[in-house]
Amino acid sequence: MIFGILNVTPDSFSDGGNFISSQTAIAQADRLISEGADAIDVGGESTRPGAQPVAAREEMKRVLPVIRAIRSRWSEVPVSIDTVKAEVAKAALAEGASIVNDVSGMALDPEMASVCAEAGCSVVLMHSRGSVGDMASYEHAVYGDDPVGEIISELEESVQLAESAGIHPARIAVDPGIGFSKKTGHSLAALVELPRIVALGYPVLVGVSRKRVIAELIRYTAATGSAAGTTLAQQNISHEERDMATVGVNVAALYAGARIFRVHHVRPNRLALDASWALAPEESIIF
């Protein structure tokens, strides 16, 4: 399942300000859906390093008209609201959103779990630490000898919180939070050891699209390759290059057990993931 990212923010790290008006946001939703997105993930508050928290009223002003418009045009397409605020989630669910994607794993708002349980919606619980302004930094990226074990333990706490509030286990997905409260080595460990997270028994969402870890992975692999690659390693990595590397990482994550992918550029991921799925032993269409 592919979630197309729709940031209606002025300051997101990749596309901040591009879709701030309802008109441009709906045009982008149309593009994401036409490229094969299964759901649209609408966010009104940036979590880039140093981002300033947004008041609930402002966040709702950004996201609610967009959710309303998507539901009226594409009633069959699920909408996910990317928020850490129960007030925003409740309003978005009332407008037709059916998934709450909480990047704090329900840690930042004590009302979030009960709001989601009452609505009967699905939830994505992401691993992170700290506040909106610093969860994407290295400030809380302190781990022992088994960072993936710590990530799993903290995800289990989020799951327990959700289930205790009455959210059905079948409506829960988990996200290891690539790039959030993690240095590059921690994020890569989470990807390499993804089967351990899959073993929790919940669908796993992977969100690596265009992130810093993707650029650093490109630079590392380039620097250890040819002389031409060494030159690439010293250059800025464009969105297009990050998108191409994102596809590769997502395919690897698919084979490791991930089933939900959150991306900026849907089409190449749709084609690559569908082709890879067709070759999976349990799904193979090859005779």
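I take helices (H or I, at least four residues) and strands (E, at least two) as DSSP runs, numbered from the N terminus. I note that this is a predicted model, where local features need pLDDT of at least 70, side-chain atom pairs count only at pLDDT 80 or more, and totals for chains, interfaces and linings use all residues. Residues are numbered from 1 along each chain as its sequence is written, and side-chain values use heavy atoms, with hydrogens and water left out.

**Entry: Leu200**

I looked up Leu200 and found it in the loop between α7 (194-198) and β7 (205-206). I then asked what Leu200 is in contact with, leaving aside its neighbours within four places in sequence. I count a contact when heavy atoms lie within 4.5 Å. The list is Ile152, Leu155 and Glu156. I also checked Leu200 against Ser72, which is 128 residues away along the chain. Their C-alpha atoms are separated by 36 Å.

**Entry: whole chain**

I find eleven helices and eight strands in the chain. I get a radius of gyration of 18 Å, which agrees with the value near 19 Å for a compact globule of 287 residues. I take that radius over C-alpha atoms, and the globule rule is 2.2 Å times the number of residues to the power 0.38. The C-alpha trace spans about 55 × 50 × 40 Å along its principal axes.

I looked at contacts with a separation of 6 or more. Residues 24 or more positions apart account for 67% of them.

I computed an exposed area of about 12500 Å² for the chain, 55% of it from carbon and sulfur atoms. The areas come from the Shrake-Rupley method with a 1.4 Å probe; for residues, only the protein chains shown count as cover.

**Entry: burial and core**

I call a residue buried under 20% relative accessible area, exposed over 50%, and partly exposed in between (1.4 Å probe, protein chains only). By that cut-off, 55% of the 287 residues are buried.

I define a nonpolar core as a set of buried Ala, Val, Leu, Ile, Met, Phe, Trp, Tyr and Cys residues joined through side-chain atoms within 4.5 Å. Which residues have the most contacts inside the largest nonpolar core? I find Leu6, Val42 and Ile70, in a core of 78 residues. Helix α2 (residues 56-73) gives the most to this core, with eight residues.

**Entry: Ile99**

I place Ile99 in strand β4 (residues 99-102). Is Ile99 buried or exposed? Its relative accessibility is 9%, so Ile99 counts as buried. I set aside residues up to four places away in sequence and listed what Ile99 touches: Phe3, Pro78, Val79, Ser80, Ile81, Leu93, Ser122 and Val124. Ser22 lies 77 residues from Ile99 along the chain, with 21 Å between their C-alpha atoms.

**Entry: Val115**

I find Val115 in helix α4 (residues 112-119). Val115 counts as buried because its relative accessibility is 16%. Not counting residues up to four places away in sequence, Val115 touches Ala86, Lys90 and Leu93. I checked Val115 against Met135 as well: they are 20 residues apart in sequence and 23 Å apart in space, C-alpha to C-alpha.

**Entry: positive phi**

I looked up Met106 in the loop between β4 and α4. Met106 is not a glycine, yet its phi is positive, about 70 degrees. With 3% relative accessibility, Met106 counts as buried.

Where is Arg210? I find Arg210 in the loop between β7 and α8 (212-223). Arg210 is not a glycine either, and it has a positive phi of about 65 degrees. At 12% relative accessibility, Arg210 counts as buried.
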